[in-house]
Amino acid sequence: MKLRGGPSGFAGRRPVALAGAGLCAISALIAMELMGAAGFWAALFLSGSPAFLIMGRLFLTDMFLALAVAIFYGPLLRAAHRNTPLDFGGRLWIMGAAAAGFLAKGPVFFLWTLLPLAIFAWATPRCRPMIRAAIGWPFVLGLVLTLPWFLACMAIHPGFWKYFLFNHSVQALCTSKEF
C-alpha cells in the first residue's frame, strides 16, 4: 500500500485500523440500542481498553472478520430488542456482512454467525422467524456475491481452495501451528 511517502507500516495497517475503528463504533451503537447511554459508554471504554488494543494488534487479519460479524448481528439484535420483524435494510446489511465475512475468513465466518444463531433460536423461540429471515436469501446472496472472487483465485492458484478451507480455517482453529 502506498501513502504519500511510499510503502510504510502505517499504510499497511491503515485498513485494519479503520476496521477496528468501525468495530468500536458499531459495538457502541449496538450497545446504545440495547442498553441506552450506559451501554454506549461501556462499549466505548471496552474498545479503548489495553486488552482490546493489544489483541487488535495481535489479530490484524481477524479485525475484518470481527467487523463483519458485528455488522451481521447489528440488525438482528436491533430487531430482537424492538420485537419487530427484520426489515429490508437489515437484510441488506446482513447480505453485505456475509459477503465481507466470507471474503475475510471463509468458513470461520459461519462458525461465528450460524452456530450462535442456532443456539439463540433454540433458547429464544420468539426470534426464530427473524433468524430464518436473516439466514435465508440475504445470507445466501452474500455468499453468492463472493463466488466470482473465489473462482478467479482458484483459476490462478489451483491449490487455493484446499489451502483456504483446510489450512487457513480448520487447521488454524484446531492447532497452534503457524502457516
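The following paragraphs lead the reader through the structure, from its overall layout to individual helices and residues.

The structure is a predicted model. The protein contains 9 helices and 2 strands. Followed along the sequence, these elements appear in the pattern β-β-α-α-α-α-α-α-α-α-α. Of the 179 residues in the protein, 34% are buried. Among contacts with a separation of 6 or more, 65% join residues that lie 24 or more positions apart.

Helix α2 offers a starting point. This helix spans residues 37-47, and Gly-39, Ala-43 and Ser-47 are buried within it. These three residues lie on the same side of α2, because the arc they cover around the axis is only 60°. The other side of α2 carries Ala-37, Ala-38 and Phe-45, which are exposed.

The next topic is the packing of two helices. In general, a pair of packed helices is described by the distance between the axes and by the angle between them. Helix α5 covers residues 88-105 and helix α6 covers residues 108-123; their axes come within 7 Å and cross at roughly 140°. The two helices, α5 and α6, are therefore oblique to each other, since only angles over 145 degrees count as roughly antiparallel. On the α5 side, the contact is made by Ala-97, Ala-98, Gly-101, Phe-102 and Lys-105, and on the α6 side by Val-108, Phe-109 and Phe-110. Sorted by class, the residues in this contact are 6 nonpolar, 1 polar and 1 charged.

Phe-109, one of the residues that α6 brings to this contact, merits a closer view. Phe-109 sits in helix α6 and is buried, its relative accessible area being 0%. With neighbours within four places in sequence left aside, Phe-109 is in contact with Ala-97, Ala-98, Gly-101 and Phe-102, and also with Leu-65, Ala-68, Val-69, Phe-72 and Phe-139. Phe-109 and Ala-98 are 11 residues apart along the chain, and their C-alpha atoms are separated by 7.7 Å. Helix α4 spans residues 62-82, and Leu-65, Ala-68, Val-69 and Phe-72 are among the contacts of Phe-109.

Helix α8 spans residues 137-156 and includes Thr-146. Is Thr-146 buried or exposed? At a relative accessibility of 2%, Thr-146 counts as buried, the limit for that class being under 20%. Residues up to four places away in sequence not being counted, Thr-146 touches Ala-99, Phe-102 and Leu-103. Gly-142 is also found in helix α8 and is buried, with a relative accessible area of 0%. Beyond residues up to four places away in sequence, Gly-142 touches Met-95, Ala-98 and Ala-99. Ala-99 thus appears among the contacts of Thr-146 and among those of Gly-142. Gly-142 and Trp-93 stand 49 residues apart in sequence, while their C-alpha atoms are 9.6 Å apart in space.

Met-130 belongs to helix α7, which runs over residues 128-134. Met-130 is buried, with a relative accessible area of 7%. Which residues does Met-130 contact, leaving aside its neighbours within four places in sequence? Met-130 is in contact with Leu-76, Ala-79, Ala-80 and Leu-86. Met-130 and Thr-84 are separated by 46 residues in sequence and by 8.5 Å in space, from C-alpha to C-alpha.

The loop between α4 and α5 holds Asn-83. In general, most residues other than glycine have a negative phi. The phi of Asn-83, by contrast, is positive, near 55°. Asn-83 is also exposed, its relative accessible area being 58%.

The cysteines complete the tour. Cys-24 is buried at a relative accessible area of 17%, and Cys-153 also counts as buried, at 14% relative accessibility. How many disulfides does the model contain? The count comes to 0 disulfides, under a rule that requires a pair of cysteine sulfur atoms within 2.5 Å.

Key:
Residues numbered from 1 in each chain as written. Predicted model: local features only at pLDDT ≥ 70, side-chain atom pairs only at ≥ 80, totals over all residues. Heavy atoms only, no water. Buried < 20%, exposed > 50% of the residue type's maximum accessible area, 1.4 Å probe, protein only. Helix = DSSP H or I, 4+ residues; strand = E, 2+ residues; numbered from the N terminus. Arc of directions from axis to C-beta. Axes fitted to C-alpha atoms, helices over the stretch in contact; angles between N-to-C directions. Parallel < 35°, antiparallel > 145°, perpendicular 65-115°, else oblique. Contact = heavy atoms within 4.5 Å. Nonpolar A, V, L, I, M, F, W, Y, C, P; charged D, E, K, R; others polar.
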